[in-house]
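This report walks through one predicted model. Have the sequence and coordinates open while reading.

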Amino acid sequence: MAATARLALRARPLSRPNPGVAALVVHHGRVVARGWTRTGGRPHAEAEALAGLAPEVLAEATLYVTLEPCAHRSPRGPACADLIVAARPARVVVGQHDPDPRTSGAGLARLEAAGIATRLLDDPASAASLAGFLTRQRAGRPWVTLKLATSLDGCIALADGTSRWITGEIARAHVHAHRAQADAILVGGGTWRADAPRLDVRLPGLEARSPRRVILTRGPAPAGTTALPAPEAIAALEGVQYLYVEGGAQTAAAFLAADLIDELHLYRAPILIGDGRRSLGALGLTSLDAAHGRWHMTERRQLGSDHFEAYWRSRT
């Protein structure tokens with residue numbers, strides 16, 4: 001199932017407004033087919049993986065899919081549960097229950113009624129690959145990642161605002177790869193006015209994946225952007241499952257204070273600035289106890305001379 005979840009990254013974010021699902025077909029221990037949700041949401045992963053496989057192969061195969069097969073029919077295509085019933089694999093293993101009320105257990109029930117063996121997992125890797133969709137369904141907002149690029153002493157710029165560049169070329173390319181996986185990218189109005197950031201993807205071959213630009217401001221939206229008056233307004237970003245927040249310090253603090261950050265990307269350069277601009281504004285903490293236990297590390301790596309760490313918000 002972990003391999004299936006990794007494959008799902010190929011669907012993100014172009015599968016919007018549909019979830020980025022992946023599927024593998026395994027026959028006698030060998031992967032014989034695979035699929036992921038394509039641009040615009042069709043075809044679905046299961047349809048891609050099952051297409052063209054011989055009935056005698058499917059009769060002895062297991063279909064692994066990160067999300068419960070959809071049970072609702074659409075003008076754009078049949079329900080995946082119906083496709084699987086028609087294909088009749090020996091077994092279906094599902095990584096995550098679908099909270100969409102149009103499916104929500106009905107997909108698995110349809111497979112079981114057809115005599116197909118099923119197993120539903122609460123697979124963490126599948127949940128991680130579907131974080132944007134699941135957060136939209138359960139919390140009514142996108143999954144939010146905050147990116148911070150700082151010196152060793154937590155500064156994002158010199159005292160005069162100079163910030164190009166804190167981190168090196170490899171780390172900046174890594175940031176652009178994450179931008180390419182986001183539906184929208186957000187900065188505060190102050191950062192927009194001071195730095196005029198492009199907020200695009202500048203990796204060869206991925207330029208077309210530049211995310212929608214969003215500005216946190218109570219003023220009018222600058223040309224080519226969407227304006228939001230407060231962090232809580234991200235719920236109104238239609239079609240956005242993954243939001244990438246890049247600052248500045250007050251915007252980052254506002255999202256953290258509202259407990260709207262799900263994932264933190266911290267890039268640290270081996271430099272000291274001293275009397276510079278801090279990476280975060282006030283968070284409203286009144287005790288150190290409130291700061292502990294909120295984050296757990298999910299990834300760390302060296303990017304040239306810079307260090308990258310990813311943290312997820314610990315939620316019960």
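Glu46 is buried, because its relative accessibility is 3% and the cut-off is under 20%. The residue lies in helix α2. In this predicted model, Glu46 is in contact with Ala23, Val65, Leu67, Pro69, Cys80 and Ile84, its neighbours within four places in sequence left aside. An unreviewed UniProt entry places the feature "active site" at Glu46.

**The cores**

Ile84 leads from Glu46 into the nonpolar interior. Beyond four places in sequence, Ile84 touches Glu46, Leu50, Leu63, Pro69, Pro89, Val92, Leu111 and Ile116. The largest nonpolar core has 24 residues. Val25, Ile84 and Val92 have the most contacts inside it. Elements giving two or more residues to this core are β1 (22-27), α2 (45-50), β3 (61-67), α4 (80-87), β4, α5 and α7 (131-139). Strand β3 provides the largest share, four residues. A second core is separate and holds 22 residues, including Leu148, Leu228, Ala233 and Leu256. In soluble globular proteins, nonpolar side chains tend to be buried together.

**The open sheet**

In what order do the strands of the open sheet run? Five strands form it, in the order β2-β1-β3-β4-β5. The pairing is mixed. Strands β2 (30-36) and β5 (117-120) stand at the edges. Each has a single partner strand, so one side of each lacks a neighbour in the sheet. On average, neighbouring strands of this sheet are turned by 15° against each other, direction ignored.

At the β5 edge, β4 (residues 91-96) pairs with β5 in the parallel sense over four bridges. Val92 has Thr118 in β5 as its bridge partner. Helix α5 (residues 106-113) lies across β4 and β5. Its direction makes about 155° with β5.

**Strand β15 and its partners**

Is strand β15 enclosed or open? Seven of the eight residues of β15 (residues 306-313) are buried, so the strand is largely enclosed by the rest of the structure. Two pairings involve β15, as tabulated here.

| Strand paired with β15 | Sense | Bridges | Example of bridge partners |
|---|---|---|---|
| β12 (residues 263-268) | antiparallel | six bridges | Leu266 and Glu309 |
| β14 (residues 295-303) | antiparallel | eight bridges | Arg301 and Phe308 |

Strands β14 and β15 form a hairpin with two residues between the strands. Gly304 in this hairpin takes a positive phi near 65°.

His178 makes contacts in the β12 stretch. This residue is found in helix α8 (residues 169-179). His178 counts as buried, because 19% relative accessibility is under the 20% cut-off. Leaving aside neighbours within four places in sequence, His178 is in contact with Tyr244, His265 and Tyr267.

**The annotated binding site**

Which residues carry the "binding site" label? The unreviewed UniProt entry lists Ala149, Trp165, Thr191, Asp195, Leu199, Gly248, Ala249, Gln250, Thr251, Ala252, Ala253 and Ala254. They are spread over 106 residues of sequence. They are also spread in space, up to 24.3 Å between C-alpha atoms. Of these residues, the lining of the largest pocket includes Ala149, Trp165, Thr191, Asp195, Leu199, Gly248, Ala249, Gln250, Thr251 and Ala254.

Two of the listed residues deserve a separate look. Thr251 sits in helix α10 (residues 249-257). Its relative accessibility is 8%, so Thr251 counts as buried. Residues up to four places away in sequence not counted, Thr251 touches Leu186, Val187, Gly188, Leu216 and Val245.

Ala252 is found in helix α10. With a relative accessible area of 0%, Ala252 is buried. Ala252 touches Leu146, Leu148, Ser279 and Leu280, again not counting residues up to four places away in sequence. Among these contacts is Leu148, which the second core includes.

**Summary**

Glu46, with its "active site" label from UniProt, is in contact with Ile84. Ile84 is among the residues with the most contacts inside the largest nonpolar core. The UniProt "binding site" list includes Thr251 and Ala252. Thr251 is buried at 8% relative accessibility, and Ala252 is buried at 0%.

Conventions:
Residues are numbered from 1 along each chain as its sequence is written. This is a predicted model: local features need pLDDT of at least 70, side-chain atom pairs count only at pLDDT 80 or more; totals for chains, interfaces and linings use all residues. Side-chain values use heavy atoms; hydrogens and water are left out. UniProt positions are given in the numbering used here, feature names are shortened, and annotations may be inferred rather than shown by experiment. On a 1 Å grid over the protein atoms alone, a cavity is a set of points where a 1.4 Å probe fits but cannot get out, and a pocket is an open set with protein on both sides within 12 Å along at least five of seven lines; lining residues have an atom within 4 Å of a point. Buried means under 20% relative accessible area, exposed over 50%, partly exposed in between (1.4 Å probe, protein chains only). Contact means heavy atoms within 4.5 Å. Two strands pair if DSSP finds at least two bridges between them. Axes are lines fitted to C-alpha atoms, for helices over the stretch in contact, and angles run from 0 to 180 degrees between N-to-C directions. A nonpolar core is a set of buried Ala, Val, Leu, Ile, Met, Phe, Trp, Tyr and Cys residues joined through side-chain atoms within 4.5 Å.
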